[in-house]
Amino acid sequence: MKKSQFSPHQIASILKEFDNGKSVEEITREYGVSKACFYKWRQRYGGMEASELKRVKELEEENAKLKRMYANLAMELDTAKYIIEKKL
């Protein structure tokens, strides 16, 4: 997963600027993010504080790690089953 160049605190402050009346065009130009990225942030993190946002990001990273671990274990199990079937 690609590491964001913006910290959770920065994302929260950018979203607050939008809530305070700054236009999307101004925000995207000032921070160098695409409109799609901004709207994705708004959809995912809208209304959260920086601490909540940080926790969500940590949970997403942990979830990705656990998914990779599960995939590796599932692959090892399939390999073990294949080897056992070959021996019988």
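Counting the charged side chains of this predicted model, one finds 18 positive and 14 negative ones in the chain, and the centres of these two sets lie 5 Å apart. The surface that the chain exposes comes to about 7100 Å², of which carbon and sulfur atoms supply 55%.

Turning to the fold, the chain has 4 helices and 0 strands, so that reading along the sequence gives the pattern α-α-α-α. The radius of gyration of the chain is 20 Å, well over the 12 Å that the globule rule gives for 88 residues, and the chain is therefore more spread out than a compact globule. Along its principal axes, the C-alpha trace spans about 70 × 25 × 20 Å. Of the 88 residues, 18% count as buried, and among the contacts between residues at least 6 apart in sequence, 49% join residues that are at least 24 apart.

The aromatic side chains offer a closer view, for the structure holds 3 aromatic pairs. In one of them, the ring centres of F18 and F38 are 5.2 Å apart and the ring planes stand at 70°, an angle that counts as edge-to-face because it is over 60 degrees. This pair links distant parts of the chain, since F18 belongs to helix α1 (residues 8-19) and F38 to helix α3 (residues 35-45), 20 residues apart. F38 also forms an edge-to-face pair with Y39, with 5.5 Å from centre to centre and 70° between the planes, and F18, F38 and Y39 together form one aromatic cluster. Within this cluster, F38 has 0% relative accessibility and so counts as buried, whereas Y39, with a relative accessible area of 39%, is partly exposed.

Methods
Residues numbered from 1 in each chain as written. Predicted model: local features only at pLDDT ≥ 70, side-chain atom pairs only at ≥ 80, totals over all residues. Heavy atoms only, no water. Helix = DSSP H or I, 4+ residues; strand = E, 2+ residues; numbered from the N terminus. Rg over C-alpha atoms; globule rule 2.2 N^0.38 Å. Buried < 20%, exposed > 50% of the residue type's maximum accessible area, 1.4 Å probe, protein only. Contact = heavy atoms within 4.5 Å. Areas by Shrake-Rupley, 256 points an atom, 1.4 Å probe, with all protein chains shown as cover. Lys, Arg positive; Asp, Glu negative; His and termini not counted. Charge placed at Lys NZ, Arg CZ, Asp CG, Glu CD. Phe/Tyr/Trp six-rings, centres within 6.5 Å; stacked < 30°, edge-to-face > 60°.
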